[in-house]
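Colleague: Hi! Could you walk me through this model before I head back to the bench?
Modeller: Happy to, here it is.

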Amino acid sequence: MLKISRLLVLAALFDPFGGAAEATGIDAGVSAMLERVQPAVVSIRTVSSGIFRSEMLEDPNVRKVLGLPDEVFIIQTGATATGSGVIINGEGGYIITSRHLVADADDVSVTLADGRVFHADRVGEDAPTDLAVIRIDASKLAALQWGNSSELKVGEFVAAIGSPFGLAQTATFGIVSGLGRAGLGADEYQDYIQTDAAINPGNSGGALVNVSGELIGIARGIAAPDQTSTGIGFAIPSNIVAKIVRELISHGEYKRGWLGLSVTAAADAQDGSATQPTGLIVNELACNSPAERQGVRLGDVITGLDDRAFSTEPAFRNAISLLPANARITLDVRRGERSHKLDVTLSDSADRPDVSDQGSVVIKFPLAGGPPACVPAGAVLVDVAPGSAAYTIGLRTGDYLTAINGKPPVSADQIGSVLESVEGNASVDILRAGTAYRIDVQ
């Protein structure tokens, strides 16, 4: 009897009908949450015109056969695209979506969950985050409440709602698979939430919500090789979205501050028994930038920004990219054996010089009292032959050589010995088109 009783108990624990009541409770909770959330997620359709691009038509021989002169292009009209959006203000009719969906559109229309269709006006766009705000002339709309994305943890359940492949009001369920994802090559700002909730083409601009139905992310559709979900989807954190959206609604754009430097991660370095602290090495410094004018030097190791430490270059870049123009920051900097605190005021990113056209850019060098990295006092490399040792490490004709291992170069023999050395490490500082660079030679 004892053995039979145990079997009966085990059978009850694994009874599929017994588990159905619990599953029904979970299903009811998810269904109730989606019922509240889905009316705030809309479908977006755009119509646009643009130059028709084709590898075949870019072939000069094909164009010649077709009789198309080089200056003639084929204009494609009536091209349509679909995506998703999230209502964040039910009285004002404001909707968040993806910038790449609406930026070049001639017409934007929004279909609500109840089937009503509205024309939408563009309010503002932000290219670095691929976010945009549009507005429809409607009121008393369902709107999502903001969630706190900084409190997310890997493993939390989330739902993605949008219009993949034009299928409106599609909901998928999963967990938070990762946080702070970067290096995906999609946007300038990258600090994505990763989820295994299916995100397909058309989900872009849709909602990622937590189990309470709060908006904790905006879906960012990064295409997989086969254009379908691979169990890896990404969303822009809600805390970032909210900050950008407020400015887009108020000003139509997000005015970023410009610091004027780039960094690379510094590895631990052993010096006898002492271990140098890790940080981010300044390997690029724009001359006449806020960073250069207010004391940052090439080769400085940044150990903190407003008392926050950053272990990776993307994390530091993201923090800077979210700072507005005229923001005041404090950089903790290690220079040699000494530590410094530098107070820096960022300028408007619109003041950043455009060096894309090397033929017309005007380079303004500082006065003689400026930092060595931005004063062209070193040897000028007038002829760097392709395939040479100098070319291999990254030097180019016209570069100003300002320092070797942090000291001014003193002779051609010294320069040559560093470039051709195969033992140890060295650094070469150069000035190119108004930006100072540090090149590591190994």
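Modeller: One term before we start: two strands pair if DSSP finds at least two bridges between them. Also, keep in mind that this is a predicted model.

Colleague: Thanks. What is the mean pLDDT of the protein chain?
Modeller: The mean is 80, and 76% of the residues reach 70 or more.

Colleague: And which elements have the lowest and the highest mean pLDDT?
Modeller: The lowest belongs to helix α1 (residues 2-13), with a mean of 38. Strand β3 (residues 94-98) has the highest, at 97.

Colleague: Where does pLDDT stay under 50?
Modeller: One such stretch is residues 269-275, for which the model has six contacts beyond four places in sequence. Residues 355-368 are also below 50, and that stretch has 17 contacts in the model beyond near neighbours in sequence. Where pLDDT is low, the predicted coordinates should not be read in detail.

Colleague: Fair enough. Now the barrel: which strands does it run through?
Modeller: It is a closed barrel of six strands, in the order β7-β8-β9-β12-β11-β10, and the pairing is antiparallel. From one strand to the next, the twist averages 45 degrees.

Colleague: How many bridges are there between β11 and β12?
Modeller: Three, linking strand β11 (residues 215-219) with strand β12 (residues 233-237) in the antiparallel sense. G217 stands opposite P237 in β12, and A219 has A235 of β12 as its bridge partner.

Colleague: Which helix packs on the sheet there?
Modeller: That's helix α5 (residues 238-251), which touches β11 and β12. Its direction makes about 50 degrees with that of β12.

Colleague: What about β10 and β11, how many residues sit between them?
Modeller: Four, and the two strands form a hairpin. In the turn, G213 has a positive phi of about 85 degrees. Strand β10 (residues 207-210) pairs with β11 over three bridges, antiparallel, and A207 has I218 in β11 as its bridge partner.

Colleague: Why is β11 largely enclosed by the rest of the structure?
Modeller: Because five of its five residues are buried.

Colleague: Switching topic: is V37 buried or exposed?
Modeller: V37 counts as buried, because its relative accessibility is 2% and the cut-off for buried is under 20%. V37 lies in helix α2 (residues 16-37).

Colleague: What is V37 in contact with?
Modeller: Leaving aside neighbours within four places in sequence, V37 is in contact with L144, I161, V209 and G213. That G213 is the turn residue with the positive phi in the β10 and β11 hairpin. As for distance along the chain, V37 and Q169 are 132 residues apart, while their C-alpha atoms are separated by 9.9 Å.

Colleague: Nice. Let's go to β6: how many of its residues are buried?
Modeller: Five of the six residues of strand β6 (residues 131-136) are buried, so β6 is largely enclosed by the rest of the structure.

Colleague: How many bridges join β6 to β3, and how many to β5?
Modeller: Five bridges join β3 to β6, and six join strand β5 (residues 117-126) to β6. β3 and β6 run antiparallel, and so do β5 and β6. On the β3 side, the bridge partner of T97 is A132 in β6. On the β5 side, G124 stands opposite V133 in β6.

Colleague: And which residue in the turn of the β5 and β6 hairpin has a positive phi?
Modeller: D130, at about 60 degrees. The hairpin has four residues between β5 and β6.

Notes: Residues numbered from 1 in each chain as written. Predicted model: local features only at pLDDT ≥ 70, side-chain atom pairs only at ≥ 80, totals over all residues. Heavy atoms only, no water. pLDDT = per-residue confidence, 0-100. Contact = heavy atoms within 4.5 Å. Axes fitted to C-alpha atoms, helices over the stretch in contact; angles between N-to-C directions. Buried < 20%, exposed > 50% of the residue type's maximum accessible area, 1.4 Å probe, protein only.
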